[in-house]
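Welcome to this short briefing. Please have a look at the sequence and the model below, and then we will walk through them topic by topic.

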Amino acid sequence: MDKLHRFLIDDANVRGEWVQLDKAWQALTDCADYPAPVRQMLGEAFAAVALLSATIKYKGTLVIQVNGGNPLSMLVVQATSEGKMRGMARWSDDIDVEATVPNLFGKEATLVITVEPEEGQGERYQSIVGLEGNTLAECLTAYFEQSEQLKTRLELAVGETSVAGLMVQRLPGTAEDEDGWNRTRMLAETVKTDELLTLDVETLLHRLFHEENLRLYDAEALGFECGCSQKKVDDMLIGLGRKEAQETLREQGKIEVTCDFCNTHYQVDEIDLERIFSETVIEGNDSIH
Ligand SMILES: [Zn+2]
């Protein structure tokens with residue numbers, strides 16, 4: 001089952017999260033034939049976005065995106081505060097390197113973290129930083145230190161059919177407790193990839209932190225859910241404008257849109273187009289935006 005657990009280590013002033021994704025990861029990888037190094041990086045990002053999304057304090061979506069890299073030119077993963085996840089990557093052909101950040105993204109890429117709140121749920125937040133580290137976990141650790149001033153440690157694992165992650169983070173406002181933080185961080189770093197992928201949360205946390213006073217919270221469910229729809233395709237065409245849409249239709253016979261995340265295929269013909277634009281007129285101009 002795909003789930004996330006939060007935990008708290010009171011005596012060390014540290015909070016943590018653990019995630020294992022099985023069905024959601026398989027649904028994501030069913031959508032495209034990712035080469036092994038891309039799959040590895042995407043899997044790390046997928047586990048990471050689940051962990052980070054659980055830190056949002058209001059309803060919204062957290063997005064981790066890497067732009068402009070080479071040969072991995074774009075990677076994006078998203079998770080909502082309700083646990084709906086999706087992700088994808090674009091790459092150039094012939095990737096046959098070890099899946100490190102410098103190998104896949106090169107020197108020019110940027111890491112963009114965005115929190116999109118649901119309407120009426122607070123401010124949109126975005127942070128753009130360079131990729132500093134050999135692994136995605138290191139880059140995200142650097143991001144937390146730079147942008148959030150929060151000591152954080154992430155461990156990410158990608159297996160054949162699942163991905164998993166562990167995060168520990170010093171509680172805000174407890175900077176004086178270096179000992180508690182250092183002890184917890186070092187224990188977290190001892191976790192092995194196969195332990196993350198195969199152990200249940202109780203066993204894993206007991207193995208790592210059995211000398212600590214740890215509180216484990218109830219599981220939160222996660223799953224792959226794209227969120228694309230015919231309505232969004234309609235809205236995109238409305239944004240394009242009637243004239244443009246009709247021209248495209250005339251040139252190509254039909255308008256076809258395939259979702260980059262889930263491969264769902266949307267098709268719009270002349271009758272659909274009439275419907276889309278006549279509905280817009282009835283609803284009035286306000287609905288266009
Ligand atoms: Zn989709």
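In which strand is the place of Ser-127? Ser-127 belongs to strand 7, which covers residues 125–130. Please keep in mind that this is a predicted model. We begin with the whole protein, move on to its metal site, and then visit some individual residues.

**The protein as a whole**

- The protein contains 10 helices along with 14 strands.
- Its C-alpha trace spans about 70 × 45 × 35 Å along the principal axes.
- Out of 289 residues, 47% count as buried.
- If you look at contacts between residues at least 6 apart in sequence, 63% of them join residues at least 24 apart.
- About 14900 Å² of the protein is exposed, and carbon and sulfur atoms supply 46% of that area.
- The protein carries 27 positive and 52 negative charges, and the mean positions of these two sets are 2 Å apart.

**The zinc site**

- Four cysteine sulfurs coordinate the zinc ion: the SG atoms of Cys-226, Cys-228, Cys-259 and Cys-262, at 2.2 to 2.3 Å.
- The site is tetrahedral, with angles of 103 to 115° among the 4 donor atoms.
- For background, the ideal angle for four tetrahedral donors at a metal is 109.5 degrees.
- Along the chain, the zinc donors follow the spacing C-x1-C-x30-C-x2-C.
- Cys-226 and Cys-262 link distant parts of the chain, being 36 residues apart.
- Cys-226 sits in the loop between strand 12 (223–224) and helix 8 (230–240), while Cys-262 sits in the loop between strand 13 (255–258) and strand 14 (265–268).
- Both Cys-226 and Cys-262 are buried.

**Ser-127 and its surroundings**

- Is Ser-127 buried or exposed? Ser-127 counts as buried because its relative accessibility is 8%, and the cut-off for buried is under 20%.
- Leaving out residues up to four places away in sequence, Ser-127 touches Leu-111, Val-112, Ile-113, Tyr-143 and Ser-147.
- Leu-111 is 16 residues from Ser-127 along the chain, and their C-alpha atoms are separated by 8.2 Å.

**Arg-39 and Gly-159**

- Arg-39 has its place in helix 2, residues 36–53.
- Beyond its neighbours within four places in sequence, Arg-39 is in contact with Trp-25, Thr-29, Tyr-34, Val-158, Gly-159, Glu-160 and Thr-161.
- Thr-29 is 10 residues from Arg-39 along the chain, with 7.8 Å between the two C-alpha atoms.
- Gly-159 is in the loop between strand 8 and strand 9 (163–170).
- With a relative accessible area of 14%, Gly-159 is buried.
- Setting aside residues up to four places away in sequence, Gly-159 touches Trp-25, Arg-39 and Leu-197, and Trp-25 is also among the contacts of Arg-39.
- The C-alpha atoms of Gly-159 and Asp-194 are separated by 8.1 Å, and these residues are 35 residues apart along the chain.

**Leu-8**

- Leu-8 is found in strand 1, and Leu-8 is buried, with a relative accessible area of 15%.
- Which residues does Leu-8 touch, not counting those up to four places away in sequence? They are Val-14, Arg-15, Leu-171, Asn-213, Leu-214, Arg-215 and Tyr-217.
- Leu-8 and Gly-106 are 37 Å apart in space, C-alpha to C-alpha, and 98 residues apart in sequence.

**Backbone details in loops**

- A cis peptide bond joins Asn-70 and Pro-71, with omega of about 5°.
- Pro-71 lies in the loop between strand 3 (60–67) and strand 4 (72–80).
- Asn-13 is not a glycine, yet its phi is positive, near 55°.
- The loop that holds Asn-13 runs between strand 1 (3–9) and strand 2 (14–21), and Asn-13 is partly exposed, with a relative accessible area of 22%.
- Gln-149, also a residue that is not a glycine, has a positive phi of about 50°.
- Gln-149 is placed in the loop between helix 4 (136–148) and strand 8 (152–158).
- At a relative accessible area of 62%, Gln-149 is exposed.

Key
Residues are numbered from 1 along each chain as its sequence is written. This is a predicted model: local features need pLDDT of at least 70, side-chain atom pairs count only at pLDDT 80 or more; totals for chains, interfaces and linings use all residues. Side-chain values use heavy atoms; hydrogens and water are left out. Helices (H or I, at least four residues) and strands (E, at least two) are DSSP runs, numbered from the N terminus. Buried means under 20% relative accessible area, exposed over 50%, partly exposed in between (1.4 Å probe, protein chains only). Contact means heavy atoms within 4.5 Å. Accessible areas come from the Shrake-Rupley method with a 1.4 Å probe; for residues, only the protein chains shown count as cover. Lys and Arg count as positive and Asp and Glu as negative; His and the chain ends are not counted. The place of a charge is taken as NZ of Lys, CZ of Arg, CG of Asp or CD of Glu. Donors are N, O and S atoms within 2.8 Å of the metal (3.2 Å for Na, K and Ca); water is not among the atoms, so sites may look incomplete. Four donors count as tetrahedral if all angles lie between 85 and 135 degrees; four count as square planar and six as octahedral if opposite donors are over 155 degrees apart and all others between 65 and 115; anything else is irregular.
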